[in-house]
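Colleague: Please take a close look at a single part of this model, and explain each term as you use it.

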Amino acid sequence: MGINIIIGYILMFIGAFFFLASAIGLVRLPDLYTRMQAATKATTLGAISSILGIGLMKEEILVKSIILAVFIFLTAPISGSALIRASYKAKSPLTDKTVVDRLKEKEGETK
C-alpha cells in the first residue's frame, strides 16, 4: 500500500466526517439559514476532501479530481448564498435566537 492510498483514505475519512457534521447540522440547527450554512460549508469541504482522496487513490483521474474540486470550491458557496438570499426575500422566518439581521440593515441603508 503506497503513501497515496493512505493519504487518499485519510482524505476520504475527513470528507465523511464533514458529511456527518453537515447532516447533524441539518437536524440540529434551528432555522433555514443556519441549516443552509451547515449544508453548504460542511458539504463543500466533505466533497472536496472525498474527491481529492479518490483522485489520490486512482492517479489516472487525479487531474479531473482537482478540476472538479476547484469547481465545487468556487460554485457551492455562491449557490448556497443565492439560495439563502432567495429564502430571505421569500420571507422565510428567522429563529427567535437571531440577534443581528445584516440583510435588513443593508436594505435600510439603501432606502
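Modeller: What follows concerns one helix pair, then the pocket and a few individual residues.

This is a predicted model, in which local features need pLDDT of at least 70 and side-chain atom pairs count only at pLDDT 80 or more, while totals for chains, interfaces and linings use all residues. Residues are numbered from 1 along each chain as its sequence is written, and side-chain values use heavy atoms, with hydrogens and water left out.

Helix α2 spans residues 32–57 and helix α3 spans residues 62–89. Such helices are DSSP runs of H or I with at least four residues (strands are runs of E with at least two), numbered from the N terminus. The axes of α2 and α3 come within 9 Å and cross at roughly 175°. An axis here is a line fitted to C-alpha atoms, for helices over the stretch in contact, and angles run from 0 to 180 degrees between N-to-C directions. The two helices are therefore roughly antiparallel to each other (under 35 degrees is roughly parallel, over 145 roughly antiparallel, 65 to 115 roughly perpendicular, and the rest oblique). Their contact comprises 19 nonpolar, seven polar and no charged residues. Ala, Val, Leu, Ile, Met, Phe, Trp, Tyr, Cys and Pro count as nonpolar, Asp, Glu, Lys and Arg as charged, and the others, including Gly, as polar.

T40 belongs to helix α2. T40 is buried, with a relative accessible area of 18%; buried means under 20%, exposed over 50%, and partly exposed in between, using a 1.4 Å probe and protein chains only. Not counting residues up to four places away in sequence, T40 touches A76 and G80, where contact means heavy atoms within 4.5 Å.

R85 lies in helix α3 and is partly exposed, at 41% relative accessibility. Leaving aside neighbours within four places in sequence, R85 contacts L103 and K106. The C-alpha atoms of R85 and L103 are 8.7 Å apart, although 18 residues separate the two along the chain.

K91 is placed in the loop between α3 and α4. With a relative accessible area of 71%, K91 is exposed. The phi angle of K91 is near 65°, a positive value in a residue other than glycine.
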